[in-house]
Amino acid sequence: MDTKLKNRHKLAIILIILIIFVPMCIVTTMYTDAYEYTKQLQEETWKDALSSEDFLGEFIRAGHILYSLEHRGNGDHWQSFNDAKENLRENFPDWMNTFDTLYPYMDYVVEDENGTVITENPSGTASSWNNRDIISGQYDLFIRISYDENGDPQADVIVGDDREKQNIVLRELLNQPEIYYDMASQIYGYLALDEYEEEFESEEGYDEAYENYMPKNRTFLYGMTESNLKYYVGSVHYAEPVFSDEIVNAALLLIILVAALALLLPRVKSFHTGEERLFCIPVEIPLVVCFVLFILVFGDIDRRVVESRGFAEITDWLLWFLLFGAVYSTAANLRGIFKMGVKEYLKERSFLLRYKDKIKSTCKDSWNKVYRSLENIDFQNHKNEFVLNIVLVNFAIMLLVCLMWYYGIIALIIYSFLLFLLLRKYFNDLREKYQLLLKAVNEIAEGNLDVEITEDLGVFRPFKAEIEKIQHGFKNAVEKEVKSQRMKTELITNVSHDLKTPLTAIITYVDLLKNEPDEEKRREYLEVLERKSLRLKVLIEDLFEISKANSENVTLELVDVDIVHLFKQVKLELEDKIAGANLDFKCSYPEEKVMVRLDSQKTYRIFENLLVNIVKYSMPHTRVYVEIRKDGEHVIVRMKNISAEELNFSSDEITERFVRGDAARNTEGSGLGLAIVKSFVELQKGTFLVGTEADLFKVEIKF
């Protein structure tokens with residue numbers, strides 16, 4: 001019994017092979033008939049091309065152009081043959097392009113009424129062109145077009161594949177001169193130049209030019225060899241016919257028959273077929289194989305029939321066998337739908353559904369990866385890598401689509417749809433992120449400097465850092481403005497206080513002086529008045545100096561200054577005050593001169609203010625350190641002293657106007673000393689730094 005079942009199964013296998021093999025033989029044997037039909041169709045198409053009005057009309061147009069080139073102006077405007085051709089090519093490109101295309105493939109002779117050669121371009125001699133036998137052996141197409149003294153034309157196709165039809169078409173064209181009227185009148189009118197220059201401004205002028213310059217007493221002989229004729233007509237006028245419809249129709253019917261037998265054969269239960277592993281694979285595999293083979297077989301069938309000359313090659317047999325085999329396998333696989341039901345079948349036999357979660361996850365990851373690459377575009381990167389990658393990927397996809405021939409339209413539609421989804425999502429996200437960015441900018445514009453962008457801005461991510469910089473800059477500007485306003489208030493207060501104090505004393509002592517009879521006291525009052533007046537003068541001068549410096553309305557008189565010598569001079573002049581303050585100066589100078597291009601008066605004032613500041617605020621019986629040294633192209637001046645009061649102020653504020661080290665304002669001073677120093681240093685392109693360390697007060701100047 002088992003042997004019988006095995007034999008029946010083997011029989012089923014043989015039947016399956018026959019179901020695939022027989023259609024293959026039927027299709028491949030049709031190659032011979034298709035090829036014969038092709039040859040016949042090609043010959044008919046070829047004859048139609050040789051007898052077409054477009055092709056034969058080119059020889060008539062060539063005659064008009066050749067004749068017009070004979071009459072290419074007169075007098076001072078006479079042109080050479082080549083110059084006339086170039087002028088026509090420039091002014092009448094459409095007509096001359098046709099002539100230029102035909103010109104290399106034909107031999108021609110132009111004769112007058114006596115048979116004298118006017119111009120020629122033959123491969124043989126002109127005298128042999130009157131011998132019909134020589135012409136027939138040399139050319140596959142030979143045409144004679146003659147015009148008598150009245151311009152009446154006659155044509156004769158001496159050599160041609162279908163002379164009778166070609167003569168009829170050619171003579172019909174010659175009997176319709178209006179076809180060439182516009183061309184002839186314009187070309188002749190252009191080349192005649194001054195002869196008809198005035199008449200060409202009217203339509204009658206063109207008529208006269210046409211009548212005078214249409215071919216007369218001329219015979220045009222044209223010959224085309226076999227190779228030139230095939231190449232020219234094949235590339236310009238011949239269209240390859242479609243001939244594989246019968247094979248395609250028969251193949252499609254056989255494919256349907258094979259699919260039907262694949263569904264019916266397993267119904268014969270004794271064959272025990274239909275459940276083999278080959279017919280239980282994921283349905284996507286045979287479908288893809290069928291699709292690929294279908295493209296390979298039907299996409300290039302015309303060329304393969306022609307190249308095989310009607311005899312199928314091994315590759316043709318193999319491709320057809322594989323195609324019918326794939327059709328049988330696909331149909332046998334799909335038969336499971338009737339047995340298992342659509343839902344169960346797709347669950348068991350569909351690769352896409354079986355691994356849908358994994359495929360979905362992979363596709364989603366790939367999609368997100370592509371999308372993230374678009375979101376992470378760095379517009380500050382000047383390289384073209386990203387754009388180049390996009391172009392290369394798109395090129396690869398389009399190349400794959402092109403390889404599918406006309407089936408690639410389906411792939412192109414799918415690709416375009418996916419690209420649409422990607423760009424739509426990208427555009428929507430881009431618009432959303434743009435709105436977030438715009439909202440943050442508007443809030444900053446309205447004064448909210450603490451606005452914070454917590455969302456991811458994608459390609460606008462660099463703007464987030466820039467907005468934070470703008471916020472920081474605005475806050476600093478606001479703080480500086482607040483500080484400036486505070487300083488203005490303090491300025492008014494301090495100026496009022498510092499000016500009012502000596503002024504009040506002056507007024508008081510003036511009143512006392514008026515009523516004081518004691519000469520000794522009057523002398524004391526005058527000394528106080530003098531001291532207070534000088535104090536008021538110094539205060540006003542300092543205020544004037546700092547105002548000029550801050551407005552940069554200062555003219556510098558730059559000279560080469562020995563900065564060490566200048567400092568020693570200032571220190572020497574203040575020696576009495578230094579001694580009175582009980583300060584011990586420790587100075588470190590270079591032995592050689594240190595020359596710097598500075599304003600000597602402003603620099604003198606800088607050193608004076610610094611030393612006066614040290615004398616006023618240093619703790620008595622302490623050391624003061626002064627260092628002047630060269631550092632490359634710079635000269636550095638450092639001063640350090642121990643403060644008598646606690647240094648509880650900001651080192652930045654001490655250089656502001658009317659800020660003094662003693663907040664109680666117990667010492668006499670304008671509060672402008674260090675501010676003037678800073679302004680004068682910066683005016684001379686130097687830097688001025690103040691620092692504190694416990695009770696140590698430090699100053700550094702760099703020129």
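**Close-up views of strand 5 and its surroundings**

**View A. Burial of strand 5.** Strand 5 is mostly covered, with 7 of its 7 residues buried (under 20% relative accessible area, 1.4 Å probe, protein chains only). Arg218, Phe220, Tyr222 and Met224 lie on one side and Thr219, Leu221 and Gly223 on the other, and all of them are buried. The model is predicted, so local features need pLDDT of at least 70 and side-chain atom pairs count only at pLDDT 80 or more, while totals for chains, interfaces and linings use all residues. Residues are numbered from 1 along each chain as its sequence is written, and side-chain values use heavy atoms, with hydrogens and water left out.

**View B. Pairing partners of strand 5.** Strand 3 (residues 141-147) and strand 5 (residues 218-224) pair in the antiparallel sense over 7 bridges, where pairing requires that DSSP finds at least two bridges between two strands and strands are DSSP runs (E, at least two residues) numbered from the N terminus. Isoleucine 145 stands opposite phenylalanine 220, and arginine 144 stands opposite leucine 221. Strand 1 and strand 5 also pair in the antiparallel sense, over 5 bridges, and glycine 223 in strand 5 is the bridge partner of aspartate 107.

**View C. The open sheet.** The 5 strands of this open sheet follow the order 2-1-5-3-4, with antiparallel pairing. Strand 2 (117-120) and strand 4 (153-159) are the edge strands, each pairing on one side only.

**View D. Isoleucine 60 in helix 2.** Isoleucine 60 is placed in helix 2 (residues 53-70), helices being DSSP runs of H or I with at least four residues. Isoleucine 60 counts as buried because its relative accessibility is 1%. Isoleucine 60 and leucine 173 are 113 residues apart in sequence and 8.4 Å apart in space, C-alpha to C-alpha.

Key
Buried < 20%, exposed > 50% of the residue type's maximum accessible area, 1.4 Å probe, protein only.
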